[in-house]
Amino acid sequence: MAIRFPEPPDDVARAARPERPGGGAGAFGFDAPAPGGAPAVPPHQVFTAGLDQLTAAERPEMSLAAEPTWRVSTLDREGRPAAAEMRPDELGGAPASVGEDRFGPAIQEALTVAGGDARVQGADYEARLFRVPALKVLALWLHDEQHPDLFVPLEQAAGVTPHRVYDHEAFMAALRGAAEGQLAHYRDAERPDELGS
């Protein structure tokens with residue numbers, strides 16, 4: 001398969017498709033998808049990069065500021081698309097965040113765009129998300145040990161165009177430039193703590 005999703009830990013899989021004999025809420029208060037209706041996007045990992053790491057990173061995995069989380073798309077109690085983000089080492093408690101699945105359609109569109117790219121054919125890409133909160137960047141990250149990584153931004157930010165497939169060199173170069181500009185802005189500000197992150 002050209003693009004695949006990794007198998008999530010058991011607790012993440014249960015949160016995505018809770019088994020509820022006799023009814024009741026799932027592992028994180030979600031309802032299971034309707035019969036025959038799988039979640040919009042399978043569970044996937046989210047990797048978060050920091051500004052300082054980005055300025056020195058040559059490859060995406062060198063820019064990561066934290067351990068990855070898992071993102072799960074499912075339905076809330078009223079049947080609306082919802083998403084939760086959780087850390088495997090904290091699955092005994094509440095998810096890190098729960099809310100409307102506003103990125104589900106954009107992820108699906110990014111997968112469609114990527115699936116039509118000739119570089120994806122014949123490869124074995126794992127689908128992930130890559131985000132840089134300080135730059136408001138969120139992108140589909142296609143990772144394969146045997147082929148160059150590819151990225152498809154979900155929204156316009158940091159000089160990258162949404163739903164365009166970037167190789168990792170072009171994508172990282174754009175983000176490095178944006179990160180350097182943001183860090184310079186912080187340094188020049190009288191009170192950088194008021195600028196947010």
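**Reading helix α3 and the nonpolar cores**

Author: In this predicted model, the buried residues of helix α3 are Gly-104, Ala-106, Ile-107, Ala-110, Leu-111 and Ala-114.

Reader: Where do these buried residues of α3 fall when one looks down its axis?

Author: Seen that way, the buried residues of α3 stay within an arc of 160°, so they line one face of the helix. The face turned away from that buried side carries the exposed residues Pro-105 and Thr-112.

Reader: Which elements do the buried residues of α3 pack against?

Author: They pack against β1 (3-4), β2, β3 (69-75), β6, β7 and β8 (147-153).

Reader: Why should I look for nonpolar side chains that are buried together?

Author: In soluble globular proteins, such side chains tend to be buried together. Here the largest nonpolar core has 22 residues, and those touching the most other members are Leu-51, Leu-54, Phe-130, Val-132, Leu-135, Phe-171 and Leu-175. Two or more residues of this core come from each of α2 (51-56), β6 (125-132), β7 (137-144) and α4 (168-188), and α4 gives the largest share, six residues. Another core, of 21 residues, lies apart from it and has Ala-123, Leu-140, Leu-142 and Leu-154 among its members.

Reader: Is Thr-48 buried or exposed?

Author: Buried means under 20% relative accessible area, and Thr-48 counts as buried because its relative accessibility is 17%. Thr-48 belongs to strand β2 (residues 44-48), and its side chain makes a polar contact with the side chain of Arg-131 at 2.8 Å.

Methods: Residues numbered from 1 in each chain as written. Predicted model: local features only at pLDDT ≥ 70, side-chain atom pairs only at ≥ 80, totals over all residues. Heavy atoms only, no water. Helix = DSSP H or I, 4+ residues; strand = E, 2+ residues; numbered from the N terminus. Buried < 20%, exposed > 50% of the residue type's maximum accessible area, 1.4 Å probe, protein only. Polar contact = N/O pair within 3.5 Å; in protein donor to acceptor, adjacent residues only side chain to side chain. Core = buried A, V, L, I, M, F, W, Y, C linked by side-chain atoms within 4.5 Å. Arc of directions from axis to C-beta. Contact = heavy atoms within 4.5 Å.
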